[in-house]
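This report follows one helix and its surroundings, then turns to a hairpin, the ligand and the overall dimensions. Please keep the structure open while reading.

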Amino acid sequence: MIEVRDLRVSYGGRTAARVPELDVRAGECVAIVGESGSGKSTTLLSLLGLAEGAHVSGEVRVCGVDVLRAPERRLRELRGARVALVMQAPQAALSPTTRLGVLMRRALRLHGVDAPDRVARDAMAAVMLDPELLRRYPHEISGGQAQRFAIALAIALGAGVVLADEPTSALDVTVQAEVMGVLRRLREERDLALLLVSHDLALVSTIADRVLVMKDGEVVETGPAAEVLARPSHPYTRELLEALP
Ligand SMILES: Nc1ncnc2c1ncn2[C@@H]1O[C@H](COP(=O)(O)OP(=O)(O)OP(=O)(O)O)[C@@H](O)[C@H]1O
């Protein structure tokens with residue numbers, strides 16, 4: 001679902017991220033871990049052609065789309081329906097004067113989904129949200145609910161890939177666990193490909209199959225999550241692990 005080779009992203013001649021290889025297949029979860037400024041978000045945004053003002057080179061294929069060469073129309077299709085982007089402050093991305101249900105039905109109609117009301121309700125149930133929330137405005141729901149709504153919208157549209165940027169950093173621990181639980185279950189039930197970006201190696205190790213550790217824009221270590229956790233080979237990974245509470 002995601003295939004990256006020799007990705008290099010730079011801002012004004014300065015390299016922000018370099019990823020030689022990254023693959024995420026259906027039903028798989030890969031995490032990019034690293035401290036602030038290490039290049040995680042830049043990498044994630046580049047996968048949808050959203051790294052604004054950046055120079056991006058290499059090969060990026062997402063759901064079969066050649067992202068660095070595709071016309072804007074193909075990219076919009078990819079972003080709209082096939083890939084879900086779950087960000088830190090999801091409410092900010094929702095129109096404040098549109099009820100969640102209206103927003104979801106509009107998106108479903110736009111993408112030609114049959115029986116939008118039923119699909120909307122089923123998607124809400126799949127992320128463990130009360131369908132009654134569809135009557136609310138974005139500011140009337142919590143951060144965790146907004147993230148789950150973003151995931152619900154994606155699965156209602158039939159997205160096969162979820163890109164999540166620090167999906168739970170603004171949330172308390174119980175809500176974090178809920179959102180991760182939802183992602184874990186959906187990945188199994190719907191064979192979703194999941195790419196998570198986080199500074200929290202502990203959180204990521206509960207869900208990821210593989211991890212990439214980034215520092216100063218470079219991938220310093222990569223491998224199966226369990227192996228990297230048990231036997232980190234790079235001093236920076238050991239530092240990240242030692243920083244855990
Ligand atoms: N729009 C931009 N213009 C110029 N430089 C940028 C831009 N976006 C990011 N950078 C730089 O690219 C580097 C990587 O940033 P990035 O946001 O990818 O890191 P990150 O690991 O996701 O950090 P965080 O966890 O804080 O989000 C940083 O040095 C950052 O300052």
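Helix α3 is followed by Gly112, a residue whose phi is positive, near 65°, in what is a predicted model throughout. Within α3 itself, which spans residues 100-110, the buried residues are Leu100, Met104 and Leu108. These three cover an arc of only 60° around the axis, which puts them on the same side of α3. The spacing fits a general rule: an α-helix has 3.6 residues a turn, so residues three or four places apart point the same way. The partners of the buried residues of α3 are two other helices, α4 (116-126) and α5 (143-156), against which they pack. On the face of α3 turned away from its buried side, by contrast, sit Arg109 and Leu110, and these residues are exposed.

A positive phi also occurs in the hairpin formed by β1 and β2, where Gly12 takes a value near 55° and 2 residues lie between the strands. The two strands, β1 covering residues 2-11 and β2 covering residues 14-24, run antiparallel and are joined by 9 bridges. Within this pairing, Ile2 stands opposite Val24 of β2.

The two glycines with a positive phi can be set side by side.

| Residue | Phi | Location |
|---|---|---|
| Gly112 | positive, near 65° | following α3 |
| Gly12 | positive, near 55° | hairpin of β1 and β2 |

Which residues surround the ligand? The shell is made up of Tyr11, Ala16, Gly34, Ser36, Gly37, Ser38, Gly39, Lys40, Ser41, Thr42, Gly53 and His199. By residue class, this shell around the ligand divides into 9 polar, 2 nonpolar and 1 charged. Helix α1, which comprises residues 40-46, gives the most to the shell, with 3 residues.

Taken as a whole, the protein contains 9 helices and 10 strands. Its radius of gyration is 18 Å, close to the 18 Å that the globule rule gives for 245 residues, so the protein is as compact as a globular protein of that length. Taken along the principal axes, the box that the C-alpha atoms of the protein fill is roughly 50 × 45 × 30 Å. Of the 245 residues, 40% count as buried. Among the contacts in the protein with a separation of 6 or more, 65% are accounted for by residues 24 or more positions apart.

Definitions and conventions:
Residues numbered from 1 in each chain as written. Predicted model: local features only at pLDDT ≥ 70, side-chain atom pairs only at ≥ 80, totals over all residues. Near = placed C-beta within 6 Å. Helix = DSSP H or I, 4+ residues; strand = E, 2+ residues; numbered from the N terminus. Nonpolar A, V, L, I, M, F, W, Y, C, P; charged D, E, K, R; others polar. Buried ≥ 20, exposed ≤ 12 C-beta atoms within 10 Å, placed from the backbone. Arc of directions from axis to C-beta. Contact = placed C-beta atoms within 7 Å. Rg over C-alpha atoms; globule rule 2.2 N^0.38 Å. Pairing = 2+ DSSP bridges.
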